[in-house]
Amino acid sequence: MNFKILKNGKEITCDIIISFKDKSNDINYVVYTDGTKDKDGDLEIYASRYIMNDDKVILNPIENKYEWNLIDNMLESKYKEIDKYE
């Protein structure tokens with residue numbers, strides 16, 4: 001699944017790695033990539049809060065350490081599940 005963002009005035013397609021809703025704070029999160037790689041050749045990934053507004057995705061920054069830990073735990077769970085099937 002993917003969505004588009006504006007980056008430096010240019011429309012870029014991003015692929016969703018995982019999206020979820022944290023029931024304790026009722027906030028939606030998305031982890032995604034625009035396909036770029038860092039200087040070591042690793043895929044750049046980003047995380048944001050998101051809301052849907054009239055069929056548009058509005059991204060907002062992650063605000064605290066709790067949210068970063070939540071995202072890290074969700075990614076770890078996702079990749080453990082993938083490894084189970086490989």
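Let me start with one residue, Ala47, which touches Val30, Val31, Tyr32, Ile62, Trp68 and Ile71 when residues up to four places away in sequence are not counted, a contact being heavy atoms within 4.5 Å. Ala47 also belongs to the largest nonpolar core, together with Ile17, Ile18, Phe20, Ile27, Tyr29, Val31, Ile62, Leu70, Ile71 and Leu75, which makes 11 residues. The elements that give two or more residues to this core are β2 (10-22), β3 (27-33) and α1 (65-85). Apart from this core lies another one, of seven residues, among them Phe3, Ile12, Cys14 and Tyr32.

I should say what I mean by these words. A nonpolar core here is a set of buried Ala, Val, Leu, Ile, Met, Phe, Trp, Tyr and Cys residues joined through side-chain atoms within 4.5 Å. Buried means under 20% relative accessible area, exposed means over 50%, and partly exposed is what falls in between, with a 1.4 Å probe and protein chains only. As a general remark, nonpolar side chains in soluble globular proteins tend to be buried together.

Before going further, a word on where this comes from. This is a predicted model, in which local features need pLDDT of at least 70 and side-chain atom pairs count only at pLDDT 80 or more, while totals for chains, interfaces and linings use all residues. Residues are numbered from 1 along each chain as its sequence is written, and side-chain values use heavy atoms, with hydrogens and water left out.

How confident is the predictor? The mean pLDDT of the chain is 88, and 92% of its residues reach 70 or more, where pLDDT is the predictor's confidence in each residue on a scale from 0 to 100. By element, the confidence is highest in β3, at a mean of 94, and lowest in α1, at 81.

Now the overall arrangement. The chain has one helix and five strands, and from the N terminus on they run β-β-β-β-β-α; these are DSSP runs numbered from the N terminus, helices being H or I of at least four residues and strands E of at least two. The five strands form an open sheet in the order β1-β2-β3-β4-β5, with antiparallel pairing, and two strands count as paired if DSSP finds at least two bridges between them. Because β1 (2-7) and β5 (56-60) stand at the edges with a single partner strand each, one side of each is left without a neighbour in the sheet. From one strand to the next the twist averages 50°, taken between N-to-C directions of axes that are lines fitted to C-alpha atoms, on a scale from 0 to 180 degrees.

Let me walk across the sheet. Six bridges join β1 to β2, and within this pair Asn2 stands opposite Asp15 in β2. The hairpin of β1 and β2 has two residues between the strands, and there Asn8 takes a positive phi near 55°, although Asn8 is not a glycine. Asn8 is exposed, with a relative accessible area of 79%.

Seven bridges join β2 to β3, again antiparallel, and here Phe20 stands opposite Tyr29 in β3; both of these residues are members of the largest nonpolar core. The hairpin of β2 and β3 has four residues between the strands, with Asp26 in the turn at a positive phi of about 60°. Asp26, too, is a residue other than glycine, and at 52% relative accessibility it counts as exposed. For background, most residues other than glycine have a negative phi.

At the far end, five bridges join β4 (residues 46-53) to β5, and Arg49 stands opposite Asn60 in β5. Is Ser48, which lies in strand β4, buried or exposed? At 7% relative accessibility, Ser48 counts as buried, and its contacts, leaving out residues up to four places away in sequence, are Asn28, Tyr29, Val30, Tyr32, Leu59, Asn60 and Ile62.

Finally, the chain as a whole. Along its principal axes the C-alpha trace spans about 40 × 35 × 25 Å, and 28% of the 86 residues count as buried. The chain exposes about 6600 Å², of which carbon and sulfur atoms supply 48%, the areas coming from the Shrake-Rupley method with a 1.4 Å probe. Among contacts between residues at least 6 apart in sequence, 26% join residues at least 24 apart.
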